[in-house]
Each structure stands twice: as structure tokens, then as C-alpha cells.
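Visitor: I have a structure to look at and many terms to learn. Could you take me through it?
Guide: Gladly. Ask how each name is earned.
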Amino acid sequence: MYKKPASRNGIRVRFENVWQRFRVIRERPDTLREVFTRAFRYGSRFEGFDALKEISFEIGEGEAVGIVGRNGSGKSTMLKIIAGVYRPTGGQVTVKGSVAPLIELSAGFQPELTGRENILINGLILGLSKREIQDREEGIVEFAELGDFIDSPVKQYSTGMVMRLAFGIAAEVDPDIILIDEILAVGDAAFQRKCIARIEEFRSRGKTLIFVSHAIQSVIQLCPRALLLHKGELLADGPVREIAERYEELTRAPVATH
Amino acid sequence: MHQLFSEIAHNRELIVALALQELRVRYKRSVLGFFWALLNPLFMMLILTVVFSTIMRIKIHAYSIFMLSALLPWTLFTQALTYSAETMVGHAHLLKKMYIGKAVFPVAAVLANIVNFAFSMVPLLILVVALRFPLHWTWIYLPIPFMGLLLFSLGCGFFVAAANVFFRDVAHIVQIVLQGWFYLSPVIYSLDFVPHRYQWLFHLNPMIYILNGFRLAIYYGVLPTFLSACMTLGVGLAALSLGYSFFRHYQDSFVFYV
């Protein structure tokens with residue numbers, strides 16, 4: 001079931017010794033007063049925290065890869081680097097093709113604006129033209145089952161509606177690489193089935209899927225291959241069943257259900 | 001600089017959408033909506049005209065036009081700066097989720113206020129007609145000071161947008177600086193009022209060349225000297241290149257601080 005990417009031409013994502021260091025949040029000054037008081041009190045301020053350490057891997061065209069690990073293992077940081085949100089502190093990242101993140105895409109909505117207005121802004125950011133968005137709008141509204149709500153402010157939407165709209169946008173943008181962060185943990189069973197059907201269809205067209213989760217069962221369902229992250233290090237990269245065993249050893253607890 | 005222009009060209013649809021969003025959110029749930037862009041300068045003008053020509057008896061013919069000719073561009077400048085200071089933090093929800101060229105936000109903030117500026121020219125024109133004030137041919141010179149104003153606002157906008165990401169105090173400091181700057185610029189008074197030996201100090205203010213261009217063309221009906229026209233564009237370009245290089249230098253770390 002799981003196979004390594006056939007040729008180097010088909011590489012979509014490549015990490016070479018990628019390293020991401022964050023400044024510790026409590027050391028971050030927000031106001032001038034904090035800067036001054038700290039400058040007099042402490043000497044150093046570059047206390048760092050390594051979210052990812054020397055990570056190297058490749059993901060090929062048409063692959064579906066799960067990224068698993070416990071909270072704080074660096075999974076989401078990795079997705080944000082692939083999405084281009086973070087520029088890594090060190091190492092080389094290559095991403096070929098268009099990327100649409102479902103990293104809580106819904107959080108990118110402006111609550112005061114209508115669904116339609118939010119589709120426009122999000123679509124433009126994801127690289128579509130206004131024209132292309134208008135052509136796909138109908139499909140998005142249909143997938144999201146929004147009906148007349150599309151012209152109401154997003155703040156009036158239910159959580160489910162927001163999720164469906166977010167997924168609908170990412171799906172209709174039709175990227176080469178889709179990034180999913182725990183999205184299936186929310187929503188009812190019908191919505192989850194719908195999303196999974198859309199993801200299967202997406203994969204059948206040779207697109208690449210990268211799926212982050214700490215729920216190993218949903219990774220097994222979608223991805224033949226997985227990467228295991230632990231405290232910022234890449235512990236293992238291989239067939240999802242093997243990774244699942246390693247992950248369970250690591251957590252030494254029954255798989256969390258949601 | 002070249003990078004800025006290609007980034008603007010590449011993202012032009014997104015910039016327009018963000019600027020419209022800015023305006024729409026600003027006027028949402030207000031009965032008069034876009035009319036506020038007209039009413040604001042109108043009331044400001046009424047108040048200032050009453051204070052300065054009736055109470056303080058400043059001897060300037062058609063004081064309202066004299067003042068508005070500089071107040072409108074000044075308002076564009078202050079609003080553009082106020083919006084730019086907040087724009088990166090205000091769009092944190094987008095910056096943290098997707099890759100976006102960061103420069104689009106200050107550009108959109110300035111663009112939204114250009115729309116407002118265009119609206120606010122309407123009361124000025126009405127006043128010119130109502131007071132039977134001559135509509136000087138020198139109005140055709142206005143694109144030059146407008147260009148200078150735009151470049152200068154954008155340059156300062158880039159600077160405060162970046163600075164406010166790291167120190168939230170900047171947004172507050174900007175307001176204080178703008179208040180002082182307003183009284184030190186010949187908006188409500190004429191430069192002739194300033195004692196001769198202090199005139200050189202006032203000429204260090206870059207806004208003076210821009211405001212003068214507007215006032216000479218609209219109120220006095222004369223063209224500024226060639227040197228003054230060059231200074232108008234010169235200060236604009238200088239501000240933009242300085243402000244943008246500052247912005248560019250720090251833009252990759254914005255996401256960690258917004």
C-alpha cells in the first residue's frame with residue numbers, strides 16, 4: 001500500500017535539515033515599558049525554544065501523508081512552514097505547486113463580512129483571480145450547504161456552517177497540495193463523510209494531501225504513510241501501521257478518541 | 001522598490017478587496033454609510049471656520065476653502081497612518097493561517113483612504129461653487145502633490161505598520177505625533193504667519209511641500225516653483241524607500257508577534 005515516491009521529478013515538498021526556533025513567549029515584549037524594565041533587569045533575552053530540529057523528508061506527487069505526534073511535538077509548526085506562514089530559522093524548504101491550508105481556515109474569516117465576501121478574500125489570498133472565484137462560488141455554496149446564509153455575516157453562522165464553508169473553499173480552490181490540521185475532529189458524522197469523500201476524490205486526481213492529527217485512527221483511514229514527530233524531532237517515517245505502533249508505544253496510553 | 005511594485009501588481013485584486021472590506025466594515029451598520037466620508041470634513045470645516053474666522057478673526061478671504069485645501073490632504077495622511085498602524089495586527093487572523101505578501105496590508109489601508117479622500121473632495125467643490133470662488137486652471141497641477149502625498153503616506157504607513165507589530169505603543173504614539181504635527185504644519189494657518197527667523201525650521205517639515213502644492217493650486221491659483229514640485233515628489237519617494245526597506249527587513253518575523 002505504501003510506496004516511496006517514484007522519481008525526484010514528482011517531489012512536491014522537500015525539507016532539508018529544517019530547524020525552527022521560537023522565542024519563548026513570556027520573554028516577548030509587547031510594550032516599550034516592558035522593554036525598558038527588562039533591559040535593566042536581565043541581560044539576555046534570546047532564550048529560544050526549538051519547535052523543529054533538523055527535519056528532513058520528501059513528499060511526492062499524489063501522496064497522502066499523515067503527520068502524527070503528541071501536543072507540542074511540532075506538527076502544526078511543520079504545516080505552517082509548508083504553507084509559507086513561517087520562514088524556518090535554518091535549512092531548506094522546497095514546495096512545488098499551489099498550497100491550500102485547512103489550518104483552521106475558518107479562523108481567517110472576518111466575522112463582520114458575509115460568507116460571499118469572505119470567499120472572495122480567502123480565494124484571492126490562495127492565489128485565484130476574482131473571475132475564477134466567481135466561477136467556483138456556486139460550488140462552494142453548494143458544498144457548504146449555506147443556501148441564503150451566504151449573504152449573511154459569518155458571525156451569525158453555526159460552527160458547522162463555518163467549517164463547511166472553510167472546507168468548501170479549500171476544496172474548490174483545487175490546489176496541488178492540501179494541508180489539513182485536525183479538521184475532521186470537528187463536525188458531525190455526515191460532514192466528516194462528506195469531507196472524506198472529497199479528499200478521496202482529490203487524491204484520485206493525483207493531488208497531494210498532508211494531514212496532521214494526534215488521532216491516529218483518522219490518519220490510518222486517509223494516509224498510507226506517516227511521519228512521527230516527538231519534541232521537534234522526526235522519530236520515524238514509514239508505513240502508517242508501523243508508525244501507529246511506534247506512536248502508541250510513545251504515548252503508552254490507549255488511543256485518544258474524539 | 002521594484003519588488004514592492006511587482007508585489008502590488010501581482011496582488012492588485014486582493015488589495016482592492018481588502019480596501020473595500022476596510023471601508024465596508026467601517027461603515028457597516030451605519031445609516032449614512034459612505035456619506036460619513038463627506039460629512040466628516042464638512043463638520044470639521046464648519047467648526048474650524050467658526051473658530052478661526054469668526055472667533056479668532058483671522059483675516060483670510062474664503063477661509064473655509066483656504067483651510068480645506070490643506071485639511072483634506074492632511075486628513076488622508078493621518079487616516080492612512082492610523083489605519084496602517086493597526087493593519088498588520090488587525091489582520092493577524094489571516095497572517096497566521098496563509099502565506100500572503102505582507103505589503104498588501106499597508107497598501108490597502110492607504111487605498112481605502114484614497115477612496116475616502118475622493119469623496120471628501122465633493123464638499124470642497126460644492127463650497128467653491130456656493131461661494132462663487134474661482135475654479136483655477138491650476139487644479140490640473142493637483143496630480144503632482146497628490147502623488148507626493150500618496151508616496152509619503154505609504155512610506156510612513158509601512159514604517160508604522162511594521163513598528164506597531166513589535167511595539168503596540170506605536171499606534172498611540174502615532175496619534176500624539178500627528179496632533180503635534182498638525183499644528184506645526186500650515187493647515188489652519190498660512191506659513192506667512194510664522195515669524196521670519198523660524199521659517200527655515202518649518203521648511204524641515206516634509207509635509208509642507210505637499211500641502212503647499214494643494215493650497216497653491218486650489219486656493220491661490222498659482223503653480224509652485226519647480227524646486228517645490230521636485231521636493232514634493234522627492235520627499236514622497238524618500239519616505240517610501242525608507243519605510244518600505246524597514247518593513248521588508250522585518251516582515252518575515254511579523255507572524256510571530258501579531
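Visitor: What makes strand E8 and strand E9 of chain A a pair?
Guide: Strands are DSSP runs of E, at least two residues long, and helices are runs of H or I, at least four long, numbered from the N terminus. Two strands pair if DSSP finds at least two bridges between them. Six bridges join E8 (residues 225-230) to E9 (residues 233-239) of chain A, so they pair, and they run antiparallel. One bridge partner is A:Gly238 in E9(A), facing A:Ala226. The two strands form a hairpin with two residues between them. In the turn, A:Lys231 has a positive phi of about 50°.

Visitor: How should I read the numbering, and what kind of model is this?
Guide: Residues count from 1 along each chain as its sequence is written, while chains are lettered from A and ligands numbered from 1 in the order written. The model is predicted: local features need pLDDT of at least 70, side-chain atom pairs count only at pLDDT 80 or more, and totals for chains, interfaces and linings use all residues.

Visitor: What is the strand order in the open sheet of three strands in chain A?
Guide: The order is E2-E1-E4, with antiparallel pairing. E2 (48-60) and E4 (90-95) are the edge strands, as each pairs on one side only. E1 (residues 11-23) and E4(A) share five bridges. Among the partners are A:Trp19 and A:Gly90 in E4(A).

Visitor: How do you know that helix H2 of chain B has the span it should?
Guide: The expected span is 1.5 Å times one less than the number of residues. H2(B) (residues 12-27) has 16 residues, so it should span 22 Å. Its end C-alpha atoms are 23 Å apart, which agrees. Just after H2(B), B:Arg29 takes a positive phi of about 60°.

Visitor: Which residues of H2(B) are called buried?
Guide: Buried means 20 or more other C-beta atoms within 10 Å of a residue's own; exposed means 12 or fewer, partly exposed is in between, and C-beta atoms are placed from the backbone. B:Leu14, B:Ile15, B:Ala17, B:Leu18, B:Ala19, B:Gln21 and B:Glu22 are buried. The buried residues pack against H3 of chain A, and against H1 (2-10), H4 and H6 (104-130) of chain B.

Visitor: How many residues of chain A are in contact with chain B?
Guide: Contact means C-beta atoms, placed from the backbone, within 7 Å. By that rule, 26 residues of chain A are in contact with 21 of chain B. Helix H3 (residues 115-125) of chain A gives the most to chain A's side, with five residues.

Definitions and conventions: Two residues are in contact if their C-beta atoms, placed from the backbone, lie within 7 Å.
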